[in-house]
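Me: I should like to take a close look at a single part of this structure. Please describe one residue and its surroundings in detail, and then set it beside the nonpolar interior.

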Amino acid sequence: MPKDRRSALPVLPVDRTLEFLVRGYAFGQHGFDAVGRDAFTTRLMGRRVTFARGSGWVRFFYEGDRFTRDRAMPRSVKHSLQDEGSVQTLAGDEHRNRKALFIDVLDASARIDLDRHVTEAWQKEWAAASGNRVSLLKLAGRALTAGVCTWAGIPLSDGDLDRRASEFAGMIDGAGSFGPRNLRGRALRLRTEAWARQVLRDAPPETIAARVAGHRAADGQSLDERTAAVEFLNLLRPTVAIARFIVFAALALHLHPEWRSRVAEDEETRLAFAQEVRRTTPFFPVVGGTAARDMEWDGVRFTRGDWVILDLFATNRDPQLWSDPCTFDPTRFMSSEPHHNALVPQGGGFYEDGHRCPGEPATVDLLASAVGRLATAQYAVPGQDFRVDLRRFPAQPEDGFVLIPA
């Protein structure tokens, strides 16, 4: 295996862009197996990149302001999700200031309130779907959209709920693709940003929306209207993305029915089940960063501007971190909390001063609640295609998990 003269890491030669698209989530794992290491260098889109997995690389990548998001991911992905000037693209004091806004509005009491609104919306959607075939991905997405908007102080009419739920779903679905699906997601984002700007202009006082609109940056200046709208969507849209975890939770309950009674009866078991769903779900596969300065780690030298991709999917299935990693086993989370740099579907490091998603605690709460509802609900699961295509970003069961609520 050739070595990279700049980093002493194994090299997968030639540009691997096509292989990345063909293998999808499995690209990194295939490379790690090929080189027998947790990191290698190669080229993607003509650009040299270090691909890595594991808790040590997670710590190096996320902690210490070593990496920035500048030129770290394709513009098509950035524009579908975070967009320019958003919290994830910032560094230093600017990032910490903006991150504090999200941590503040998603504190423990706010998460309880959010869960209550989503539960109420779920019950309404479930009752409306009774006796009919429905995609759980769509049902959960609508419930999450309605719940998070009500929580933010901007309850939606039925017509507006249809539009917003469709827009959020399209933005999430298009984020990891190229071509028509991505272009549609980006177009929907522009339309949703226009709506968000108007919402923030009219936000009732003391609401979450008003707090976002009134946030002041590190220099004491108010956020401009567009940036405030972008951050407001960065609060709403990731909440709606939890629908994908919910679908994989339903699939896990379907494939492992012995867990239904256990999660229905015990909150600790529900939380463990939710964490195992998060570990095993093919959510967003990787995160990219560029070196903020010249540095060295574990014998590997980096020059400012070097591109690094951290494989979140492979880290969540790293056999050095997880016993029998491809087996669905919630008991692995029943005796202790997962290490913050081992379970990383929403990033690693710390919330306060790093790039770990501040919405992760809310994700766990909402997912555990959904698991409890699914475990106790009456519904039929008609024949369908449960296969998950790991070449598709973000992945989902082929039929989106169809059910018939009783």
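Reply: The backbone nitrogen of Gly349 lies 2.8 Å from a polar atom belonging to the side chain of Asn341. A polar contact is a pair of N or O atoms within 3.5 Å; within protein, one must be able to donate a hydrogen and the other to accept it, and residues adjacent in sequence count only if both atoms are side-chain atoms. The model is a predicted one, in which local features need pLDDT of at least 70 and side-chain atom pairs count only at pLDDT 80 or more, while totals for chains, interfaces and linings use all residues. Residues are numbered from 1 along each chain as its sequence is written, and side-chain values use heavy atoms, with hydrogens and water left out.

Asn341 is found in the loop between α14 (312-315) and α15 (360-376); helices here are DSSP runs of H or I with at least four residues, numbered from the N terminus. With a relative accessible area of 2%, Asn341 is buried (buried means under 20%, exposed over 50%, partly exposed in between, with a 1.4 Å probe and protein chains only). Not counting residues up to four places away in sequence, Asn341 touches Ser55, Val58, Arg59, Glu63, Thr315, Gly348 and Gly349, where contact means heavy atoms within 4.5 Å.

Turning to the interior, the largest nonpolar core has 78 residues, of which Leu136, Phe232 and Ile246 touch the most other members. Such a core is a set of buried Ala, Val, Leu, Ile, Met, Phe, Trp, Tyr and Cys residues joined through side-chain atoms within 4.5 Å. Helix α11 (residues 225-255) gives the most to this core, with 19 residues. A second, separate core of 19 residues includes Ala39, Ala52, Phe60 and Val308.

Methods
Helix = DSSP H or I, 4+ residues; strand = E, 2+ residues; numbered from the N terminus.
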